[in-house]
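Trainee: Before we discuss the fold, may I ask that the sequence and the structure be shown?
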Amino acid sequence: MAAEILKISNVAKAFGAHKVLKDVCFSVGKGEIVGLLGPNGSGKSTLLSVISGFLPADAGSVSFEGREMLGRPAHKVAQEGLMRTFQLPSMPHRMTPRELIAAGARSRLGLKGVLGRAALHGAEVEAVIRRFALDPVADIPASALSGGQKKLLSIAVALQGKPRLLCLDEPTAGVHPNLRARMVDILKEVAASGVTILIVEHDMHFVRGLCDRCVVLDAGAIIADCLPEALTENEQVVEAYLGKAKVGIAA
């Protein structure tokens, strides 16, 4: 693995008596695309929220580029270069995708961007819109977009902050297959540009086409850390998803 950009050490989280995360440990190397997998209720989204500062952990450490992130609020974690999207992205009713992407660019560029002197406010915003196939909906309210278009827009806006680590929470859930294929291409381009990606996902076909490595959670504990093609040969993974039957996991 390349030099690590993210290190999760003994992270634990409980809601009351329910232990959602149990001493979770793994690392992500710079430039990797790592899938964070597991059945419903395994703790994936909770872990993503802990990593990104949206939830406090009860114990453990989250180190990003050698700096401890636990205890920092989400906006401070994002300022460090660790950003995330959500499974159900909330979009404003009045702003358009074009305005949201431009606003994301201006927030990164500070006063220079606000005053309109930054090049990205114009031509580069249009390039982002084309890259994410948002041309047909660029000037309608973002809340009117389809679920898949909202997912693409949320990734596009997150990238305007120039993250070094991007965490995605189920980006393909409810997304049309044609857009899923487009998303694979986009995320490969993003990774090639130097952004490390940690992605919570259920779609095995999507994971095989995108991820370099997979970390699998079950009942809050890691049961596998392997290549995508090794998932179907791991008995713990198969049992976690399907009980004793292997039928369907390769779909």
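Mentor: Buried here means under 20% relative accessible area, and exposed means over 50%. Please keep in mind that this is a predicted model.

Trainee: How many of the 8 residues of helix 1 are buried?
Mentor: Helix 1 spans residues 44–51 and is mostly covered. Its buried residues are Lys44, Thr46, Leu47, Leu48, Ser49, Val50 and Ile51. The count of buried residues in helix 1 is therefore, under the 20% limit, as follows: 7 of 8.

Trainee: Which residue with a positive phi follows helix 1?
Mentor: The phi of this residue is near 90 degrees. The residue that follows helix 1 with that value is Gly53.

Trainee: Is Ser52 buried or exposed?
Mentor: Ser52 is found in the loop between helix 1 and strand 4 (59–64). Leaving aside its neighbours within four places in sequence, Ser52 is in contact with Ala74, Val77, Leu82 and Arg84. Its relative accessibility is 2%, so Ser52 counts as buried.

Trainee: Which residue has its backbone oxygen 2.8 Å from a polar atom of the Ser52 side chain?
Mentor: The partner contributes a backbone atom, whereas Ser52 contributes a side-chain atom. The partner also belongs to the buried residues of helix 1. The residue is Leu48.

Trainee: Which strands stand at the edges of the sheet, and why is one side of each left without a neighbour?
Mentor: The open sheet has 6 strands in the order 6-7-8-3-9-10, with mixed pairing. The strands at its two edges each have a single partner strand, so one side of each has no neighbour in the sheet. Neighbouring strands are turned by 20 degrees against each other on average, direction ignored. The edge strands are strand 6 (82–84) and strand 10 (221–226).

Trainee: In which sense does strand 8 pair with strand 7?
Mentor: Strand 7 covers residues 165–169 and strand 8 covers residues 196–200, and the two are joined over 5 bridges. Within this pair, Cys167 stands opposite Leu198. On its other pairing, with strand 3, strand 8 forms 4 bridges in the parallel sense, and there Leu36 stands opposite Val200. The sense of the pairing between strand 7 and strand 8 is parallel.

Trainee: What is the handedness of the β-α-β unit made by strand 7, helix 7 and strand 8?
Mentor: Helix 7 (residues 177–192) packs on the sheet and touches strand 3 (33–37), strand 7 and strand 8. Its direction makes about 145 degrees with that of strand 8. The unit is right-handed.

Trainee: Which residues of strand 8 point the other way from Thr196, Leu198 and Val200?
Mentor: In a regular strand the side chains alternate between the two faces of the sheet. In strand 8, 5 of 5 residues are buried, and this holds for both groups of side chains. Those pointing the other way are Ile197 and Ile199.

Trainee: How many disulfides does the structure hold?
Mentor: Cys167 has 0% relative accessibility and so counts as buried, and Cys211, at 8%, counts as buried too. The sulfur of Cys211 is 5.1 Å from the closest cysteine sulfur, in Cys214, which is too far for a bond. The number of disulfides is 0.

Technical notes
Residues are numbered from 1 along each chain as its sequence is written. This is a predicted model: local features need pLDDT of at least 70, side-chain atom pairs count only at pLDDT 80 or more; totals for chains, interfaces and linings use all residues. Side-chain values use heavy atoms; hydrogens and water are left out. Two strands pair if DSSP finds at least two bridges between them. Axes are lines fitted to C-alpha atoms, for helices over the stretch in contact, and angles run from 0 to 180 degrees between N-to-C directions. Contact means heavy atoms within 4.5 Å. Buried means under 20% relative accessible area, exposed over 50%, partly exposed in between (1.4 Å probe, protein chains only). A disulfide is a pair of cysteine sulfur atoms within 2.5 Å. A polar contact is a pair of N or O atoms within 3.5 Å; within protein, one must be able to donate a hydrogen and the other to accept it, and residues adjacent in sequence count only if both atoms are side-chain atoms. A crossover is right-handed if, with the strands pointing away from the viewer, the path from the first strand over the helix to the second runs clockwise.
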